[in-house]
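Here's a quick look at a small set of computed features, starting with the chain overall and then zooming in. Have the sequence and the 3D view open as you read.

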Amino acid sequence: MPEHPSDGRVFAMPTHRTTRAPARPTGRAVTLGLTLAVLAGAGWLAGMIYTLITWQL
């Protein structure tokens, strides 16, 4: 790779070694955990509403 492009532009070389972003295999697990947490919260909220509605019956 030439240091100067053919059109005369000059560009700076990076001053540090660039690293590849690590693979994130935990992304799917985090998404599943958050989904289950939202479902559990919705179930808890529905249970509380049901309890308050039926409390006087």
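## The chain overall

Of this protein's 57 residues, 0% count as buried. Keep in mind that you're looking at a predicted model. The protein exposes about 6000 Å², and 67% of that comes from carbon and sulfur atoms.

As for secondary structure, the tally is 1 helix and 0 strands.

## The annotated stretch

UniProt, in an unreviewed entry, lists residues 29–53 as "transmembrane region". In the model, that stretch is 100% helix and 0% strand. From one end of residues 29–53 to the other, the C-alpha atoms sit 36 Å apart.

## A nonpolar surface patch

Five side chains are worth clicking on here: Trp-44, Leu-45, Met-48, Ile-49 and Ile-53 make up a nonpolar patch on the surface. Together they have about 540 Å² of accessible area.

Take Met-48, which lies in helix α1, spanning residues 27–54. Why does Met-48 count as partly exposed? Because its relative accessibility is 36%, and partly exposed covers the range between the 20% and 50% cut-offs.

Definitions and conventions
Residues numbered from 1 in each chain as written. Predicted model: local features only at pLDDT ≥ 70, side-chain atom pairs only at ≥ 80, totals over all residues. Heavy atoms only, no water. Patch = residues over 30% accessible without salt bridge, like charges linked within 9 Å, V, L, I, M, F, W, Y side chains within 5 Å. Areas by Shrake-Rupley, 256 points an atom, 1.4 Å probe, with all protein chains shown as cover. Salt bridge = Lys/Arg side-chain N within 4 Å of Asp/Glu carboxyl O. Helix = DSSP H or I, 4+ residues; strand = E, 2+ residues; numbered from the N terminus. Buried < 20%, exposed > 50% of the residue type's maximum accessible area, 1.4 Å probe, protein only. UniProt positions renumbered as here; feature names shortened; annotations may be inferred.
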